[in-house]
Structures are given as structure tokens and as C-alpha cells.
Amino acid sequence: MTGGTGGVSGVNCSPEELRSLFLFEKLTFDQLAWLCRVGRVETFEPGPVYAEGEPATCFYVMVEGTVVLSRRVGPDDIEVNRSSSPGVYSGAFQAYLGEQVPQVYVNSMRVVVPSRFFVLSAHDFASLMHDWFPMAEHLLEGLFFGTKTLQQAVGQRERLLALGTLSAGLTHELNNPAAAAVRATAALRERVAQMRGALGELAASSDKGAALDKLVHLQDDAVRAAAGQPVLGPLEASDREDTLTDWLDDHDVAESWELAPVLVQAGLDTDWLEQVEAAVGAEYLPKALSWLVQGVETELLLSEIETASSRISSLVGAARQYSQLDRAPYQQIDLHELLESTLVIMGGKIGPGVTVVRDYDRSLPRVPAFAAELNQVWTNLIDNALYAMAGHGTLTISTRVEHDQAVVGFRDTGPGVPADIQGRIFEPFFTSKPVGEGTGLGLDISWRIVVHRHHGDLRVESVPGDTLFRVALPLTAHDPDQEEAAT
């Protein structure tokens with residue numbers, strides 16, 4: 001027999017026995033007799049019948065026995081169905097679509113006990129559909145391609161939603177540093193103008209060149225101190241401000257309450273103030289301090305602009321990493337970089353009530369993968385977790401190595417996935433969200449990216465208060481695009 005091994009033909013085909021199978025019970029006697037003429041009954045000993053990916057040459061209907069269907073996931077065959085019910089079928093059941101679809105077996109089939117099958121060639125099965133059920137054939141063809149088109153259309157919408165997530169997240173995250181840079185730039189312009197005026201007043205009122213030279217050195221010291229000064233706690237900063245304010249008041253320096261916070265922020269103390277007084281004397285102290293403090297403020301504003309610009313640069317880098325626009329489609333990638341870029345892009349959705357815990361195994365090796373597609377998976381799984389927690393909870397993202405796979409976990413403290421729907425959440429168009437809030441394709445797309453594109457595994461474990469989505473990716477290179485090109 002073609003397309004299988006271990007079959008023993010020559011077993012009599014009985015129209016009455018075929019009629020006992022639910023698949024054939026409505027056929028006429030002439031139709032059953034035709035099936036027996038062109039088809040055959042074969043007995044298979046325990047073992048494989050056909051393998052996934054082989055040319056689909058036969059349509060199999062089990063008469064008696066036990067059949068196991070499996071799908072290939074990476075190097076493993078995962079069992080998807082096991083049945084001992086007479087009439088179950090598999091094989092070339094898309095033969096009626098002809099060359100419109102690849103005619104290969106979409107799963108593997110084996111039997112675990114001696115089993116009998118009615119076997120029909122793919123050609124005869126296609127003829128049967130054309131001749132006996134022309135209307136049903138058109139309906140099935142329309143359903144098949146209509147569903148495929150709908151999946152593509154909604155998949156495109158999911159990609160647009162992912163792009164919207166990227167745009168919204170990036171816009172939200174860029175707004176704060178951009179606004180801070182604008183404010184600091186405006187303040188800097190004002191401070192520079194004030195510095196020029198204060199320096200002119202100081203130079204006009206003092207004939208001591210050595211004093212000015214000393215002030216320049218003191219300002220350089222203050223600027224260097226301000227650049228490397230750590231942020232103080234509120235209580236410590238308040239105590240230091242009080243000390244400096246008292247010193248300034250004792251020396252008749254006006255607006256001490258404005259000068260003191262700047263001096264504290266720069267890490268300056270009363271010893272530095274006394275050096276200023278020693279350089280210029282009590283008479284010129286207010287003007288000297290005004291010029292010096294404006295220099296310190298200028299440095300602090302420059303630091304703020306630098307921080308804001310660095311933040312913008314890092315966000316653009318995260319967006320580039322997220323979109324992978326400048327990377328090869330399939331390459332060795334650092335999963336932690338992808339996870340971090342996705343978290344940055346989704347920062348606007350992660351509210352203050354959600355705690356993100358990173359449990360990373362930094363020894364995790366690089367993984368061969370389609371980086372942009374994995375970012376879509378991370379986005380879908382993080383978004384689902386955030387939706388489940390409704391703004392309050394803990395999202396734990398973990399990485400580790402298990403055998404020859406890299407495993408990424410997304411654990412949330414939401415209410416959990418009900419046990420009765422856990423087996424369906426990866427089905428196309430299935431969603432537990434209210435109408436209008438979910439397409440039902442996010443997890444389906446994620447499953448296809450992980451399983452079909454990367455030969456990995458995606459599964460869920462959930463109880464109330466603890467839901468884990470587990471992504472497993474092979475550590476060995478396996479480029480599906482090259483395989484498709486080769487075939």
C-alpha cells in the first residue's frame with residue numbers, strides 16, 4: 001500500500017460492515033458497493049501507518065482497533081488524539097481541494113493494537129466528493145478557504161494591533177523625557193542669561209582679579225561635585241538645607257531659601273561657602289554666590305537634558321530591538337534583550353499597581369529564532385497577563401534551560417483560566433474576553449509562531465491566583481524558511 005507500512009490487504013470488504021460506520025450509514029447500497037470495489041480493507045499490526053509531511057495518498061476509516069494521531073513539535077511527536085471508536089477517519093481528507101492546497105499528511109497515524117481500516121485512494125476519495133456531494137464539496141471548499149482568509153485578515157489586524165501597541169507605548173514613554181528636555185532647555189537659557197549678568201555685576205563691583213580667579217576655581221569644583229552627586233533622601237536633604245539656610249541668613253545673603261536647595265543638590269556645604277567668603281569678602285558674598293549657584297544650576301540642567309536624551313535614545317533602541325527592522329529575520333538572539341525591549345514598549349500598559357519580577361537565568365545561551373515574531377508572542381502573553389490582573393498583581397517573567405530547550409515563563413496573579421476552557425484557549429477565534437475586547441487570535445498566533453515556526457512548545461498551567469504560560473524553544477538551529485525554500 002502507498003503512504004503506509006505494515007498493512008495486510010486481501011480482507012473482504014462488506015457493504016453491510018461499512019454501513020455500520022457512522023461515516024457511511026446514510027449511503028445507498030450501490031454507493032457502498034462502489035466503495036468496496038475501488039477501496040479495500042487492510043489490517044495493520046501495531047506501529048506507524050503514515051508520517052506527517054509525506055504525500056497524502058490514502059484516506060483511512062477505522063473499522064476496529066485503536067488509532068493514535070500525533071503532530072510533530074521539534075524533534076518530538078506530540079499525541080493529539082487517541083480513539084477506539086469505529087468510523088474515525090484520517091489521512092487524505094483534503095484531496096477534494098486538489099492542487100489548491102499541499103496534498104501531504106497533516107499528522108502522523110499509528111495503531112497500538114492490530115487494527116482494520118477501510119482504505120480509499122486520494123484520487124478515488126476526490127472523485128467521490130465531486131460526484132456524490134457536489135454541493136457539499138463547494139460548501140466545504142468555501143468554508144476551508146473562507147476560514148483561511150478570515151484568519152489571514154484577523155491575523156493582519158493582530159499585527160496592526162501589535163504595531164499600535166508599539167506606537168502607543170513608544171509615544172507614552174517618549175513624552176516624559178521629551179517634555180523634561182524642553183523644560184530644562186528653557187530654564188537653561190534663562191540661567192545662562194542670568195550668569196552673564198551676574199558675572200558683569202561682580203566684575204564691575206570688584207577690582208580683585210585674584211578673587212575672580214578663585215571664584216572660577218570654586219565654581220569648577222562645584223560643577224564637578226554636582227555632576228557626580230547622588231540623590232539624597234528627603235529627610236537628609238531637608239536637614240542639610242536647614243543648615244545652609246541658617247549660614248546664609250547669618251551672613252545676610254538674600255533669598256537663602258532658594259539658594260540652599262541648589263547647593264544641597266550639588267553636594268556643597270558650609271566649608272565651601274566659607275571658602276567663597278574668604279575669596280571675595282562679606283561685601284561681595286551675595287553677588288558671588290548668585291553667580292556660583294547659577295553655574296551649578298546650569299550643570300544640573302545639563303545633566304537633566306543628558307538624562308532625558310539618553311532615555312529617548314534608549315527608547316528608540318528598544319523600539320528598534322522590538323521591531324527588529326535592522327536585523328536578519330532568522331538569527332541567534334538574546335531572549336533577555338527581546339523581553340526587555342517588549343517591557344519597555346509596553347511600559348504604558350503596566351500600571352503602578354502591577355509589580356514586574358524578572359527571574360532571569362543569565363547563563364541562558366542565545367537561541368536561533370525569528371526575533372520580531374517572538375516579540376509578538378511576548379506582547380500577546382504580557383498583554384493577556386495585564387488584562388487578567390486588571391491593574392493589580394505581580395507579573396513574573398522567568399528564563400531557564402531545560403534539557404535542550406530555552407524556557408520562558410509568564411506567571412501572573414490574576415483569577416486564572418477556568419479548567420473547562422484551558423484546552424481551547426489556543427484555538428483560532430476563541431476568547432474569554434467580552435465582545436469587542438478580543439479577537440481570539442492572539443494566543444492562536446502565538447501558538448503557531450512558537451510551535452510551527454520555531455518547533456517549540458506553548459502551554460498553560462492555571463489555578464486561581466496563579467497562571468503560567470510556558471514557552472519552550474529549541475536551542476539548535478532550525479530555519480523553517482530555508483526548509484520551505486528547499487521544498
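**Notebook: salt bridges, a disulfide and two cores**

I started at Arg448, which is partly exposed with a relative accessible area of 31%. I kept in mind from the outset that this is a predicted model.

*Entry 1, helix 11.* I looked for the partner of Arg448 and found Asp444: their side chains meet in a salt bridge, 3.1 Å from N to O. Both residues sit in helix 11, four residues apart, which is about one turn of the helix. I was reminded that an α-helix has 3.6 residues a turn, so residues three or four places apart point the same way. Is Asp444 buried or exposed? I found Asp444 buried, because its relative accessibility is 4% and the cut-off for buried is under 20%.

*Entry 2, other salt bridges.* I counted 12 salt bridges in the structure. I then picked Arg470 and Glu402, whose side chains pair at 2.6 Å, N to O. Arg470 belongs to strand 16 and Glu402 to strand 13, so this salt bridge ties together parts 68 residues apart in sequence. Arg470 comes out as buried at 13% relative accessibility, while Glu402 is partly exposed at 24%.

I checked Glu42 and Arg40 as well, and their side chains form a salt bridge of 2.3 Å, N to O. Glu42 is buried, with 2% relative accessibility; Arg40 is partly exposed, with 26%. I also noted a network of salt bridges that links Glu17, Glu64 and Arg116.

*Entry 3, the disulfide.* How many disulfides does a search of the whole structure find? My search gave one. The disulfide runs between Cys13 and Cys36, with 2.2 Å from S to S. The link of Cys13 and Cys36 is left-handed, with -70° about the S-S bond. Cys13 is in the loop between strand 1 (7-11) and helix 1, and Cys36 is in helix 2, so the pair joins parts that are 23 residues apart in sequence. Cys36 is buried at 16% relative accessibility. I looked at Cys58 too, and Cys58 is buried at 3%.

*Entry 4, helix 2 and the loop before it.* I followed Cys36 into helix 2 (29-38), where the buried residues are Gln31, Leu32, Ala33, Leu35 and Cys36. The buried residues of helix 2 pack against helix 1, strand 9 (115-121) and helix 3 (122-132).

Next I stepped back to Leu27, in the loop between helix 1 and helix 2. Leu27 is buried, with a relative accessible area of 11%. Which residues does Leu27 contact, leaving aside neighbours within four places in sequence? I listed Arg19, Leu32, Leu35, Trp132 and Phe133. Trp132 is 105 residues from Leu27 along the chain, yet I found their C-alpha atoms separated by 9.8 Å.

The loop between helix 1 (15-19) and helix 2 also holds Leu23. I found Leu23 partly exposed, at 32% relative accessibility. Together with Phe22 and Tyr89, Leu23 makes a nonpolar surface patch of about 280 Å².

*Entry 5, the cores.* I then turned inward, recalling that nonpolar side chains tend to be buried together in soluble globular proteins. The largest nonpolar core here has 39 residues, and Leu335, Trp378, Phe410 and Val471 have the most contacts inside it. Elements that each supply at least two residues to this core include helix 9 (335-345), helix 10 (371-389), strand 14 (405-412) and strand 16 (466-474). Which helix gives the most to this core? I found that helix 10 does, with nine residues.

I took a closer look at Val471. Not counting residues up to four places away in sequence, Val471 touches several residues, among them Val377, Trp378, Leu381, Val408, Phe410 and Val450. Apart from this core lies another one, of 34 residues, including Tyr50, Met62, Val67 and Tyr105.

*Entry 6, the whole chain.* I closed with totals. The chain has 12 helices and 16 strands. Of its 487 residues, 43% count as buried. I put the accessible surface of the chain at about 24800 Å², with 55% belonging to carbon and sulfur atoms. Among contacts with a separation of 6 or more, 75% are between residues 24 or more positions apart.

Definitions and conventions:
Residues numbered from 1 in each chain as written. Predicted model: local features only at pLDDT ≥ 70, side-chain atom pairs only at ≥ 80, totals over all residues. Heavy atoms only, no water. Core = buried A, V, L, I, M, F, W, Y, C linked by side-chain atoms within 4.5 Å. Buried < 20%, exposed > 50% of the residue type's maximum accessible area, 1.4 Å probe, protein only. Contact = heavy atoms within 4.5 Å. Patch = residues over 30% accessible without salt bridge, like charges linked within 9 Å, V, L, I, M, F, W, Y side chains within 5 Å. Areas by Shrake-Rupley, 256 points an atom, 1.4 Å probe, with all protein chains shown as cover. Salt bridge = Lys/Arg side-chain N within 4 Å of Asp/Glu carboxyl O. Disulfide = S-S within 2.5 Å.
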